[in-house]
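Okay, thanks for letting me go first today. I'll put the structure up, and then we'll walk through one of its chains together.

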Amino acid sequence: MKASSATRGWLLVALLVMAAVQAAPAQQLTVPEIEVVADDDRGTFAGLTAYLVEFQRRANAEVATHMNAIESGADLGAFFLGLAIAFAYGMVHAFGPGHGKFIIMSYFLGREAQVSRGVVMAIQVAVVHVIAAVVIVWLADSLLRAGFGIGLSEVPGVRAASFLIIAAIGIYMLVQAVRSSSAGVLSAAGHDHHDHGHGHGHGHGHGHGHGHGADVEGGFMALAAGMVPCPGAVLIMLYAVANDMIYPGFILVAAMSVGIGLTICALGIGAILARQTAMRLVENAAGGGGANVLRHTLNCAGATLVTPIGLVSFVAFLDVPLG
Amino acid sequence: MKPRLRSLRLPAVLALAFAPHGAAANPDVWVQAASTWRFEAGSLVALSFEWRFDEYFSSRSIASYDSDADRRLDTSEIERLRAEAFDPLSRFGHYLHVWAGGERHGGHTIEDFSASIDGDRLAYRFTAALHPPLDPARAPLVVSLHDPRNVVDFEFVAERFLLVDGAPAAGCRFRLARGSGPQSGHAQPVTLTCGDRS
């Protein structure tokens, strides 16, 4: 069958239209002119934030690079550089929300403690942190391998337990603070009757744990603060597992956790020193009675800070509306 | 250390711990983003985004959703990823913040979601259709990708981070500057201003 010239003409037109449609881009995208304003005039805190974020962005990428280098048997220099980067990353990262800083600071605000206690607790938090990251990743990896898939938020028991332990310790601290305050009032009344005349009010009802009891309480606090691993550390560990680099991953997460521990340590010791300084100042200015009042106030304040952190976090975890 | 500096150590550490800005600097997931602004009849009708994730999040997501481990996400894998990982972000408005004339814009719907594995990275591509469309000639528009919880950090790619499909009215200009006021804490909000407004 021979097509007429008109038919051939229409076919040609149709082919040309189809070719034109195919040749035309789906979108006419243009790059507009954009005025990019430099960050030079930002305030001190905004500048610090930007610096910290940028530092973490780079360190985060560097950790992966060095994990690969360590796995491929790079020299000791690369190994230690990787450790240093992970350590610094953890130290800076810990200044962000979470990581138990506020809990530890509130705890030491409400407890008389030596600086060494702050150091020990920071070490405990770091160790618990590493163990928690490894355990959670091991769990996640096991489930992934079993073909289920799991999100970090789908390991809820750990978070719930952490919040409840914090709340329980806060309530325990509060009960102790109230009890010791009552004892302090009674003993102060006793002093009045006996008229010792030396004005020291700090020998009774301090409300701070000594020895084994304080260690156990502090240990639980470290457990609660460290048992929810930093998602960043977990992601690094998961990356290590997924890429069969468990050993370097573990080493780098450990270094990161030590960095986190150091920041927490600094802040915990800051709280200890702040309390000691305030006590000393008040004792010099107002005598033992004033110091005793401040001691009980701080004990109660620390406890009333720790308790709501645990309770509010737990309620938020349950997604129960407040009010 | 000089005594004056020594005396500043404790307040400095405490200030850093409690400072709102310092407290915000804590992302765990890092995203490099690019955007396309789509205009129809001068109004902004949709914003398309490409998010490229960091190695760690990518690695975990690829392990979770590339079920057959062929380094490609097929339709069913993308659907599962969308349902389990992307759609839940609606709770956070997909980290998209839009203002018109200083007022927060109500809503958007997600269209054309897709995901792919580019090298060792996971990438999302999606379009947020704005309801209603926004006319930049009537009021300046501000668009920002930001996670107020600071779990996710967004940073624009170095080049071609903002493309335009269609055109706003003549005399419009884009400006990228660290946020202040309602955009305080936002690292890279983009403002589109038309006419003589400064």
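Before anything else, one bit of vocabulary: a residue is called exposed when its relative accessible area is over 50%, and buried when that value is under 20%. With that cut-off, B:Ala41 is exposed, because its relative accessible area is 88%. Please keep in mind that what you see is a predicted model.

So, B:Ala41. You'll find this alanine in the loop between S1 and strand S2, residues 43-53, of chain B. What is the sign of its phi? It's positive, about 50°, although B:Ala41 is not a glycine. And there's another alanine to look at, B:Ala69, which also has a positive phi of about 50° without being a glycine. That one is in the loop between helix H3, 55-65, and helix H4, 75-86, of chain B. Is B:Ala69 buried or exposed? Its relative accessibility is 59%, so B:Ala69 counts as exposed.

Okay, let's zoom out to chain B as a whole. We have 4 helices and 11 strands there. The chain has 198 residues, and 50% of them count as buried. Chain B exposes about 9,200 Å², with carbon and sulfur atoms supplying 52% of that area. If you take the contacts in chain B with a separation of 6 or more, 65% of them come from residues 24 or more positions apart.

Now to helix H4 of chain B, since we just passed its start. Which residues are buried here? They are B:Glu77, B:Ile78, B:Leu81 and B:Phe86. Looking down the axis of H4(B), those buried residues fall within an arc of 100°, so they line one face of the helix. A handy reminder here: an α-helix has 3.6 residues a turn, so residues three or four places apart point the same way. What does the buried side of H4(B) pack against? Its buried residues pack against H3, strand S5, 107-118, and S6 of chain B. On the face turned away from that buried side, you'll see the exposed residues B:Thr75 and B:Ser76.

While we're talking about S6, residues 121-134 of chain B, that strand holds B:Pro132. B:His131 and B:Pro132 are joined by a cis peptide bond, with omega about -5°.

Next, strand S8 of chain B, residues 152-156. How many of its 5 residues are buried? The count is 5 of 5, so to speak a mostly covered strand. B:Val152, B:Phe154 and B:Phe156 point one way, while B:Asp153 and B:Glu155 point the other way. S8(B) pairs with strand S1, residues 29-40, in the parallel sense, over 5 bridges. If you want a spot to click on, B:Val29 stands opposite B:Val152.

Last stop, the cysteines. Searching the whole structure turns up 1 disulfide over all chains. It's formed by B:Cys172 and B:Cys194, and their sulfur atoms are 1.9 Å apart. This pair links distant parts of the chain, 22 residues apart: B:Cys172 is in strand S10, residues 172-176, and B:Cys194 is in strand S11, residues 190-194. The link is right-handed, with 110° about the S-S bond. Both B:Cys172 and B:Cys194 are buried. Over in chain A, A:Cys265 also counts as buried, because its relative accessible area is 11%.

That's my tour, thanks for listening!

Key: Residues are numbered from 1 along each chain as its sequence is written. Chains are lettered from A and ligands numbered from 1 in the order in which they are written. This is a predicted model: local features need pLDDT of at least 70, side-chain atom pairs count only at pLDDT 80 or more; totals for chains, interfaces and linings use all residues. Side-chain values use heavy atoms; hydrogens and water are left out. Buried means under 20% relative accessible area, exposed over 50%, partly exposed in between (1.4 Å probe, protein chains only). Helices (H or I, at least four residues) and strands (E, at least two) are DSSP runs, numbered from the N terminus. Two strands pair if DSSP finds at least two bridges between them. Contact means heavy atoms within 4.5 Å. Accessible areas come from the Shrake-Rupley method with a 1.4 Å probe; for residues, only the protein chains shown count as cover. A disulfide is a pair of cysteine sulfur atoms within 2.5 Å. The arc is that of the directions from the helix axis to the C-beta atoms.
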